Amino acid sequence: MKLNQKSIAILVVVILFGGVFVSDALGLWKTESSKVPVKIQSGEFAGEADPADIRGSYTFGDIEKVFPITAETLGEVFWVTENPESFQLKRLEEMYPSEGEFEMGTSSVRYFVARYTGLPYEQTGEEGLFPVAIEFLKREGKISEEEAQTIPVMNPEIILQYEDAPEETVVEEHVEPLVKGNTTVADLFALGLSEEEIISVIGEFESKGELVRDVCNGNEVAFSAAKLTLQELAEK
Amino acid sequence: MKNRRWIQIGFFLFIAAIAVNHGLTEAGGGIAWLSNASLHAICPFGGVVTLYTYITDGAMIKKIHESSLVLMGLVLFLSVLVGPAFCGWVCPLGSIQEWVGKIGRKIFGKRYNRLIPKKADRLLGLLRYGVLAWVLIVTALSFDLVFSTVDPYYALFQFWTGEVAISAIIILLAVLGLSLIVERPWCRYACPYGAFLGITNKFRIFTIRRNAKTCVDCKQCDSVCPMGIEVSTSGKVRDLRCISCMECTSEAACPIPETVQLLGGIKDEA
Ligand code: SF4
């Protein structure tokens, strides 16, 4: 059997576009990570989206689609005034320098969503909320006065610092932490840490693709302390 | 214009449009009816580099998505059928090298493609497999898309974003510059995906065959082959570098009808 140029042209177009069309129909064609957190596996809330799986790549709009909370509300309590729907959580860490062991980042959003929705969430020790968020939870009847006392409060001054300081100053003073919520075990290897060093700090892990935070949670190691130790080891 | 040119131009513009639309969408705009996938999501080589982690860990490496695995499967199927037609007909980096090569042909005339000795050209061709091994190993170890730091294809469609490593831009410029003296230098000497797909030339179902009985030994097929393959001495082209471009066939360069053709079947293996 003989094929000519025309047949090759047809084969190329039909196989590539047809294949994409069929795979799309079968639900296999995914060009981005799904912005839907995994479901809680067991217990009273089994089947509900797990706030602990909210990722830094999600926007407030993505959260609005999955949890009963609006992007506007999230924008209000995290002081994001412009376009909260398309605001990616990972930008929080860039906006607000970390304060002690608290970090105004993805974990704080996970924590807020959990408190607002009443879903279970195990704290990692680095969450904190601005007073405006705590007031909001109280006003909405999501937490009592006593509970409000137990929530770590982020110093609102860091917002004032951020707003007052000229942009370059903020960039110069803000030292990017090496180990963050989205750091994987593979990233630790890339930072030059050995397997023994990593295991001694966070415990055994199953694969290099795991998030350091998840490994810490699984091994009951405080992530906030572990990331400081890992940072020191990486800077040695 | 030949079928292949149209397909190459079509895919080049299509990929460029998707790359631009991705940037526009991230900035809050974009064209709704056009795909806004990232360049990594529509690159079949992403499927190859993530295969190991996908099998061993069930995880995709960063920035690679399931669409890359789908494309990898489709391109592999096409290659088993007719050889690496993806390289010769679709890949925009291959196309742009050919287009720059046309300028080179005008400048250097008959010396074009002959400035690198044949033996060196063949040996350099093996470099592709070194690059392929390096990419697969470092990706599996780092869980990261390390290749994007040197990938001229990524640089070609993202150079305006500020996200491209300077090393990738330098390699792209070097590749385009070298295209003026030798056709498809990246494909010949460095492309890891071309190396991977090239393996199918050893067992593809439809192959380029030369009929020695009717051949007049004019060597037209050799001079047009963009990958420097000596078609005139082969019965069946099983060279790892063939990209199924069909330029050597009786439909294009070969002046004798039914002498160099793309035929199926396993008879008359040369
Ligand atoms: S000219 Fe012929 S031998 Fe050379 S790459 Fe194209 S199809 Fe293969």
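Helices here are DSSP runs of H or I with at least four residues, numbered from the N terminus. By that rule, B:D121 lies in helix α6 of chain B, which spans residues 118-125. The model is a predicted one.

Start with the two chains. Chain A carries 13 helices and one strand. The strand comes at the N-terminal end of the order, and the helices follow it: β-α-α-α-α-α-α-α-α-α-α-α-α-α. Chain B has 12 helices and two strands. Its order from the N terminus is α-α-α-α-α-α-α-α-α-α-α-β-α-β. A helix therefore sits between the two strands of chain B in that order, given how runs are assigned and numbered.

Next, burial and surface. Chain A has 236 residues, and 43% of them count as buried. In chain B, 53% of the 270 residues are buried. Chain A exposes about 12,600 Å², with 51% of that supplied by carbon and sulfur atoms. For chain B the exposed area is about 12,100 Å², and carbon and sulfur atoms supply 68% of it.

Contacts along the sequence can be read in a similar way. Take the contacts with a separation of 6 or more. In chain A, residues 24 or more positions apart account for 55% of them. In chain B, such residues account for 72%.

Now look at how helices pack. Two packed helices are described by the angle between their axes and the distance between the axes. In chain A, consider helix α5 (residues 106-117) and helix α6 (residues 131-139). Their axes come within 10 Å and cross at roughly 15°. Angles under 35 degrees count as roughly parallel, so α5(A) is roughly parallel to α6(A). The crossing is right-handed. From α5(A), the contact uses A:F112, A:R115 and A:Y116; from α6(A), it uses A:A133, A:F136 and A:L137. By class, that makes five nonpolar residues, no polar ones and one charged.

Chain B offers another pair. Helix α1 (residues 3-26) packs on helix α5 (residues 92-108) at an angle of about 120°, with the axes 9 Å apart. The two helices are therefore oblique to each other. The crossing of α1(B) past α5(B) is left-handed. On the α1(B) side, the residues are B:R4, B:R5, B:Q8, B:I9, B:F12 and B:I15. They meet B:P92, B:S95, B:I96, B:E98, B:W99 and B:K102 of α5(B). This contact divides into six nonpolar, two polar and four charged residues.

Return to B:D121. Is this residue buried or exposed? B:D121 has a relative accessible area of 7%. Buried means under 20%, so B:D121 is buried. Beyond its neighbours within four places in sequence, B:D121 is in contact with B:I116, B:R188, B:Y189 and B:R241.

One of those partners, B:Y189, deserves a look of its own. B:Y189 sits in helix α10 of chain B, residues 185-189. At 10% relative accessibility, B:Y189 counts as buried too. Which residues does B:Y189 contact, leaving aside neighbours within four places in sequence? They are B:I116, B:D121, B:L124, B:G125, B:L127, B:R128, B:V182 and B:R241. B:I116 and B:R241 thus appear among the contacts of both B:D121 and B:Y189, with contact meaning heavy atoms within 4.5 Å. Finally, B:Y189 and B:M227 are 38 residues apart in sequence, and their C-alpha atoms are 9.9 Å apart in space.

Technical notes: Residues are numbered from 1 along each chain as its sequence is written. Chains are lettered from A and ligands numbered from 1 in the order in which they are written. This is a predicted model: local features need pLDDT of at least 70, side-chain atom pairs count only at pLDDT 80 or more; totals for chains, interfaces and linings use all residues. Side-chain values use heavy atoms; hydrogens and water are left out. Axes are lines fitted to C-alpha atoms, for helices over the stretch in contact, and angles run from 0 to 180 degrees between N-to-C directions. Angles under 35 degrees count as roughly parallel, over 145 as roughly antiparallel, 65 to 115 as roughly perpendicular and the rest as oblique. A crossing is left-handed if the near helix is turned anticlockwise from the far one by less than a right angle, and right-handed if clockwise. Ala, Val, Leu, Ile, Met, Phe, Trp, Tyr, Cys and Pro count as nonpolar, Asp, Glu, Lys and Arg as charged, and the others, Gly among them, as polar. Buried means under 20% relative accessible area, exposed over 50%, partly exposed in between (1.4 Å probe, protein chains only). Accessible areas come from the Shrake-Rupley method with a 1.4 Å probe; for residues, only the protein chains shown count as cover.
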